[in-house]
Amino acid sequence: MIRSAALLSISLCVVCFFSTVEPASAQRPRRHMQSDEQSFGEKGERPFRDRMESLRKVKLLEILELEGESVERFFARYTPLQRAVYDAKDALDVAVRASKAADKNNADESTMTQRSSEIIRKQEELYRAMDRRMSELKPHLTTRQYARYVAFEAGFLDDVIRLMMQRIRR
């Protein structure tokens, strides 16, 4: 009974999430493509990331079959690790925008080399944050849960994109 109620509430959360995506985009007038500098940091970016993180957590609860205290223990460990991944991704985005701006301003070769090196460093930091998240969560999960978690993380973004494309085609 409790499990079916949990699955029902998870399903409702997912349906609500995806039902808000289409109507909101249908009401907004189409804008011309903007440069990365203009679109970064818009008001819509943070709520979208928050919705994605909520969806991620709901799906994790579902696939890992967490209940009770194990939910709290898992997310107490998961949340700061995921925040570190987001911070590393944001730093990478800043480095990419700086490189594009330097290119647009016809910067010299040494500046472009420096910008390229910075992007590579930020990518490595992102990979380390993702690896740390994976390795530090392993002791908190059973072997089966960890295998599910690794598969989930590997395909989460692709699954979300696929679902959004299906909604657009309807």
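Biologist: In which helix is the place of Pro 80?

Modeller: Pro 80 has its place in helix α4, helices being DSSP runs of H or I with at least four residues, numbered from the N terminus. This is a predicted model, in which local features need pLDDT of at least 70 and side-chain atom pairs count only at pLDDT 80 or more, while totals for chains, interfaces and linings use all residues. Residues are numbered from 1 along each chain as its sequence is written, and side-chain values use heavy atoms, with hydrogens and water left out.

Biologist: Why is Pro 80 called partly exposed?

Modeller: Its relative accessible area is 43%, and partly exposed covers what lies between buried, under 20%, and exposed, over 50% (1.4 Å probe, protein chains only); Pro 80 is therefore partly exposed.

Biologist: What makes Glu 153, in helix α6, buried?

Modeller: Glu 153 has a relative accessible area of 13%, which is under the 20% limit, so the residue counts as buried.

Biologist: How do you know that a polar contact joins the side chains of Glu 153 and Arg 56?

Modeller: The distance is 2.6 Å, and a polar contact is a pair of N or O atoms within 3.5 Å, where within protein one must be able to donate a hydrogen and the other to accept it, and residues adjacent in sequence count only if both atoms are side-chain atoms.

Biologist: Leaving aside neighbours within four places in sequence, which residues is Glu 153 in contact with?

Modeller: With those neighbours set aside, Glu 153 is in contact (heavy atoms within 4.5 Å) with Arg 56, Tyr 78, Arg 133 and Met 134.

Methods: Helices (H or I, at least four residues) and strands (E, at least two) are DSSP runs, numbered from the N terminus.
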